[in-house]
Amino acid sequence: MYSSTQPRPEAAASVSPFPAVDLRSDTVTRPTPEMRKAMFEAEVGDDVYGEDPTINRLEQRAAEIFGREAAIFVPTGSMGNQIAIKIHTRPGQEIICEERGHIFNYEMATLASFSGCLVRPIYAEGGILRWEQIKKKIAGKTYYLAQTGLISLENTHNMAGGTVYPTEVAEDICEEAHAVGLPVHLDGARVFNAATALGKPVSEITKMFDSIMFCLSKGLGAPVGSLLVGSRDFIDQARKYRKALGGGMRQAGILAAAGLIALEKMPARLHEDHANAKFLASQLAKLPGIAVDLPSVQTNIVVVDVSGTGMSGVDFIRRVSEQGLLIGSGFGDMVRFVTHMDVNRAACERALEVVRELLRN
Ligand code: TLP
């Protein structure tokens with residue numbers, strides 16, 4: 001783990017003569033010229049008063065695209081997830097999610113500090129939970145057991161390598177959970193990547209969930225923002241908790257203007273990132289000491305095990321960063337390559353050359 005005074009290995013400065021290839025995350029993209037123009041020209045108002053026309057348009061479009069009653073703009077995916085958890089649960093309850101899930105590992109234990117809940121994690125092959133596993137972890141209806149309050153799924157599953165829930169598996173979980181009175185939240189930070197991989201609209205693959213969070217600032221390329229989508233009543237409650245968390249913004253239409261372009265136009269190009277990720281994975285798999293589970297590379301994330309190279313994940317990341325390739329860390333000696341709109345095939349080739357060169361030496 002890294003302290004605040006210690007730089008993360010993936011943040012190391014590049015000494016390569018080439019511009020860095022940044023595959024740490026799809027969060028690193030810069031807004032397109034069209035987004036910047038729209039931000040410059042955005043019509044704005046005070047969103048805490050509900051008076052920002054661009055925010056209102058973005059929320060309405062998100063609700064329409066997901067086939068739901070309402071949506072709310074939030075600054076980050078983490079805030080969207082945590083607001084949903086707060087609404088669905090009561091203090092003292094448990095949340096079931098996959099062991100490598102973002103809400104459990106990367107949201108600063110906010111589900112404990114803000115909602116008073118614990119996680120009941122389950123490890124699932126490829127990050128894809130099945131109802132058979134979940135049902136065994138639901139607390140019995142006994143007064144001395146913390147009760148299960150929520151099931152949360154992640155689609156795509158980030159740290160499992162961008163894996164996609166087969167629609168029938170997710171629907172089975174929702175159906176069975178609802179039958180025992182449990183809500184199901186979707187951490188859909190990259191749900192448009194999932195929809196692209198499945199060749200289905202997001203409205204179809206999310207229709208059984210009680211709430212959905214999705215990010216504009218991952219593969220869709222917006223500089224800031226996520227949306228929480230659900231029923232009118234749910235979103236009315238979310239507005240209250242967004243304010244409680246300090247997420248009530250004012251002339252945020254500046255951000256929503258870029259978000260609208262991300263939402264309307266960027267899903268259509270995600271297949272390019274998926275093709276680049278598959279290309280990277282297939283080439284990395286040929287290199288000595290690097291283990292890649294090729295079938296798990298379904299979207300824009302490639303998680304590989306570098307322990308066979310004799311280097312730790314941290315060392316591997318540092319060594320490639322010195323040659324201008326920035327990649328991210330995963331669990332243990334796993335490292336993560338994420339493709340996005342600011343890296344093309346040539347940049348992927350260059351990234352591969354850096355890894356090949358490192359392993360040659
Ligand atoms: N993920 C980030 C890091 O925090 C790991 C990344 O680079 O992938 N859900 C999922 C599945 C996510 O991957 C992320 C961000 C979030 C939620 C939170 O989004 P933000 O960063 O907007 O709070």
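Colleague: How do the residues of the shell around the ligand divide by class?

Modeller: There are 2 nonpolar, 7 polar and 6 charged residues in that shell. The classes go by residue name: Ala, Val, Leu, Ile, Met, Phe, Trp, Tyr, Cys and Pro are nonpolar, Asp, Glu, Lys and Arg are charged, and the others, Gly among them, are polar. Bear in mind that this is a predicted model, where local features need pLDDT of at least 70 and side-chain atom pairs pLDDT 80 or more, while totals for chains, interfaces and linings use all residues. Residues are numbered from 1 along each chain as its sequence is written, and side-chain values use heavy atoms, with hydrogens and water left out.

Colleague: What puts a residue in the shell?

Modeller: A residue counts as near if one of its heavy atoms lies within 4 Å of the molecule. For the ligand that gives 15 residues, and the closest are Ser25, Ser78, Asn158, Asp187 and Arg190. Helix 3 (residues 77–88) gives the most, with 3 residues; a helix here is a DSSP run of H or I with at least four residues, a strand an E run of at least two.

Colleague: Why is the pairing of Asp187 with the ligand called a polar contact?

Modeller: The term asks for a pair of N or O atoms within 3.5 Å. An N or O atom in the Asp187 side chain is 2.7 Å from a nitrogen atom of the ligand, so the pair qualifies. The backbone joins in too: an N or O atom of Gly77 sits 2.8 Å from a ligand oxygen atom, so that pair also passes. The protein covers 82% of the 510 Å² of accessible area that the ligand has on its own (Shrake-Rupley method, 1.4 Å probe).

Colleague: What makes the largest empty space a cavity and not a pocket?

Modeller: On a 1 Å grid over the protein atoms alone, a cavity is a set of points where a 1.4 Å probe fits but cannot get out, whereas a pocket is an open set with protein on both sides within 12 Å along at least five of seven lines. The search finds 2 cavities of 30 Å³ or more, and the largest has a volume of about 60 Å³. Its lining includes Asp187, and strand 5 supplies the largest share, 3 residues.

Colleague: And how much space lies in the second largest cavity?

Modeller: About 40 Å³. Arg190 is among its lining residues, and the lining has 6 nonpolar, 2 polar and 2 charged residues.

Terms used: A polar contact is a pair of N or O atoms within 3.5 Å; within protein, one must be able to donate a hydrogen and the other to accept it, and residues adjacent in sequence count only if both atoms are side-chain atoms. On a 1 Å grid over the protein atoms alone, a cavity is a set of points where a 1.4 Å probe fits but cannot get out, and a pocket is an open set with protein on both sides within 12 Å along at least five of seven lines; lining residues have an atom within 4 Å of a point. Grid points are joined across faces, edges and corners, and a volume is the space filled by probe spheres set on the points.
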